[in-house]
Each structure stands twice: as structure tokens, then as C-alpha cells.
Amino acid sequence: MIRAALRLRNPTKPLSRRLPLAQKNGACRFGSSQAASSALTNDVNEAEYADVDWDSLGFSLKPAGYMYAMKCARGGAFEKGEICPYGDIGISPAAGVLNYGQAIYEGTIAQRRQDGRVLLFRPELNANRMRMGAERMCMPSPSVDQFVDALKRIAQSNKRWVPPPGKGSLYIRPLLMGSGAILGLGPAPEYTFVVYASPAGNYFKERSASLNLYIEDEFHRSGRGGTGGVKSITNYGPVLKPLTRAKSMGFSEVLYLDSVEKKYIEELSACNIFIAKGNVISTPAATGMILEGVTRKSIIELARLSNYKVEERSIAIDELFDTDEVFCTGTAVGVADVGSITYKDKRIEYKTGANSVCGELGAMLAGIKNGVTEDKLGWTVEID
């Protein structure tokens, strides 16, 4: 069996000192000592913030200093991971992830409260979704406890890269992939779980106003029986062409239709969608073709607690012509209002602003995430 080695280079931002991690020939070995972990903790606490221009954060990669990694063989179980300096991962060109797209990922955030404490948001939901996706992609998966522990360790190790309150968040990307080499089509012989992070602003920070969406009726994001309901890496390459085309025409994002009847809306390239009319909020049902977003689930729960009627159902295109509001949800997106949707040269405009349903629910969610509002739902996890 050909095993993939983790070859780590230095982060793009110099650290205050080199860490005495268990390393050999530039590779990070799993199972570092307690002494190494203590040195890491001391190192990241030497300065409150990393050298980042917090006022110019967009959604682009600015690697935080440390990553987390662990491996297991097919048929085995993940046992113990470790924190390493952020760096490249060396894998075989025959790796399952490179040849057959055997990988899934998650996305979550850590945010800083006004008092400096750092909060994660519902990490157990990401853990459960990764386990579901791993089963669909024939991969072993970290346990929920392992997953949440990895996120806690990444947030703590990279605390200097968590933006000041109101300046953004630390975007955390857990990635599970078939790193073992394989020639014939089949599950890889070895798997790597990696978690890295980057300080980031909102996904749509560059927009000057509400989103303007373009309905795509030529290309489709997913189909029945496919992987639309899991965060497979194979879901995202196919949307690049329609997304690039829509942006070249001045649109913010693409709204996809179902691939069978081509008349029901599903989701955007990277986020879920809602419509609101009066006291009723509707969103496409998660029937295996759309992703059950953590932000989507949270907005549904907050809306019901706020006495809105929430429907998860099929939504035909025609309904977009007779609704008050449209908004999108996602980890990187947050809750973003939609100003217009264009379909076959017809442009529909919607209510936006702070007094909208989107504004109300978005403010409620943001308050819980950043600790401004008391978390009575137990959704946040504080990092020590």
C-alpha cells in the first residue's frame, strides 16, 4: 500500500518561533507529545492578533498558522490527530481523491465576542453531516466527538487569526479525502482528515447591494440519486461554468432548477434559498438533491420560534413572481437578501432591508453567533 505523506512547509505569515512538534524530514507525524501541545498553546498566546488587515477581509484564503490532521486505513477507524503548522499535503498522483473525486468537506466558523472569548456555532451538525456524506462516498469518518474536538483545537490554536468583533470570522474547513493510491475504480485504501482555517469576511462582501440572481435552465447542480445532498467535492466543479457565465453578465449568483421537470427551484451554487410572503416562509425540501445547510436549519428553527409558518416543499418558478421576499443562507454567506431574480429576460424585484423578514432573522442569528444575544438554544460552543 502506498501511503501519502504530510509534507508541511512554513505558513505564509512567519510565526514568532518554530514549534518543537514531532517532525521528520519536514513531515508532521501523528501523535505529537503533550509537551509539543503545550508549546503550541504558549506560542499562539504570545500575541492577541495575527498580522492581518482586518478591515479588508473578503472571502479569500489567508491561511491561519495551524492545521489538524489524522489518517486511517480502509476498514479502520480514525484514532488520534495532531496540530501541525499549516502547509501543503503531499499525496500520490494515484490518490482516490485526485482520480475519482472521493472527498467531502464541511465549513463552519469561529467568531470573537466583545469580551474576547471565541465561539463555535453548532459544530455537531457539521460532524453529523460529514458522517452522512462519508457513508455515501464509501469513506470512514471521524466520530462526532473527534470532529468537534478537532474544531475546538483548530480554533484555539489559531485564536490569533480570529478577527476582532465585527470584522469577520475564522472560517474553518474540515476535509475528508481518499488519500491512498488506487488504480481501479473503488474506495481508496487510506483516508486523511484535515482541518485548516482562514480569517474571512462575508462571501458576498464585494457586492454593493442585495443579490441579483440568474436562473439557470441549461445546467443543473444535481439530480435524483446523485450527491446533491452531501458536500462532495464533485458537486462544485460543475457549477463553475454557469456561475462564471452569470457573473460575466453582472449577476451575483446562479439559482438552479430541478433536473427532471426543470420548473422547481433548488439552491444556489453555494447556499440555500428561502422565499417569504406575509407570515409564511418557504424553502425547497431537502429530499437528497439539495444540501441541508446548518444556517438553513437554524433559520427554520428561529423562524418557527418567532411565530412564522415555515414550509419545506417544492417551489415552482411561478411562485417567484408572487412573493414578497427572497433570501439566501449559508455558513460563508450568513443570511443575504435577494434584490432581484432574472429568468428568461424577466426580472423580478423583492423587498429588502433591515425591516424585512431576512433582516429580522439574520440579525437574530448573527446575535447568537457572535455572543451579543444570550444563547438560550445551546447552539454555541465556547473555546477555552
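Colleague: How many nonpolar, polar and charged residues are in the lining of the largest cavity?

Modeller: Keep in mind that this is a predicted model. The lining of the largest cavity includes Phe121, Asn126 and Lys369. Gly is counted among the polar residues here, and Gly107 is one of the lining residues. Sorted by class, the lining has three nonpolar, five polar and one charged residues.

Colleague: Thanks! Which helix and which strand each supply at least two residues of that lining?

Modeller: Look at the names in the lining: Thr108 and Ile109 are among them, and so are Val294 and Thr295. The elements that each give at least two lining residues are helix H6 (294-305) and strand E6 (108-112).

Colleague: Which domains does the lining of the largest cavity draw at least three residues from?

Modeller: Gly107 and Phe121 are two of the lining residues, and Thr331 is another. At least three lining residues come from each of two domains: domain 1 (66-201) and domain 2 (211-370).

Colleague: And how much space lies in the largest cavity?

Modeller: The count of cavities of 30 Å³ or more comes to one. The space in the largest cavity is about 50 Å³.

Colleague: Now to Lys231: is this residue buried or exposed?

Modeller: The unreviewed UniProt entry places "modified residue: N6-(pyridoxal phosphate)lysine" at Lys231. Lys231 sits in the loop between strand E10 (211-216) and helix H5 (240-248), and touches residues including Tyr105, Arg129 and Leu291. Buried means under 20% relative accessible area. Lys231 has 12% relative accessibility, so this residue counts as buried.

Technical notes:
Residues are numbered from 1 along each chain as its sequence is written. This is a predicted model: local features need pLDDT of at least 70, side-chain atom pairs count only at pLDDT 80 or more; totals for chains, interfaces and linings use all residues. Side-chain values use heavy atoms; hydrogens and water are left out. On a 1 Å grid over the protein atoms alone, a cavity is a set of points where a 1.4 Å probe fits but cannot get out, and a pocket is an open set with protein on both sides within 12 Å along at least five of seven lines; lining residues have an atom within 4 Å of a point. Grid points are joined across faces, edges and corners, and a volume is the space filled by probe spheres set on the points. Helices (H or I, at least four residues) and strands (E, at least two) are DSSP runs, numbered from the N terminus. Domain bounds come from an automatic or database domain assignment. UniProt positions are given in the numbering used here, feature names are shortened, and annotations may be inferred rather than shown by experiment. Buried means under 20% relative accessible area, exposed over 50%, partly exposed in between (1.4 Å probe, protein chains only). Contact means heavy atoms within 4.5 Å. Lists of a residue's contacts leave out its neighbours within four places in sequence.
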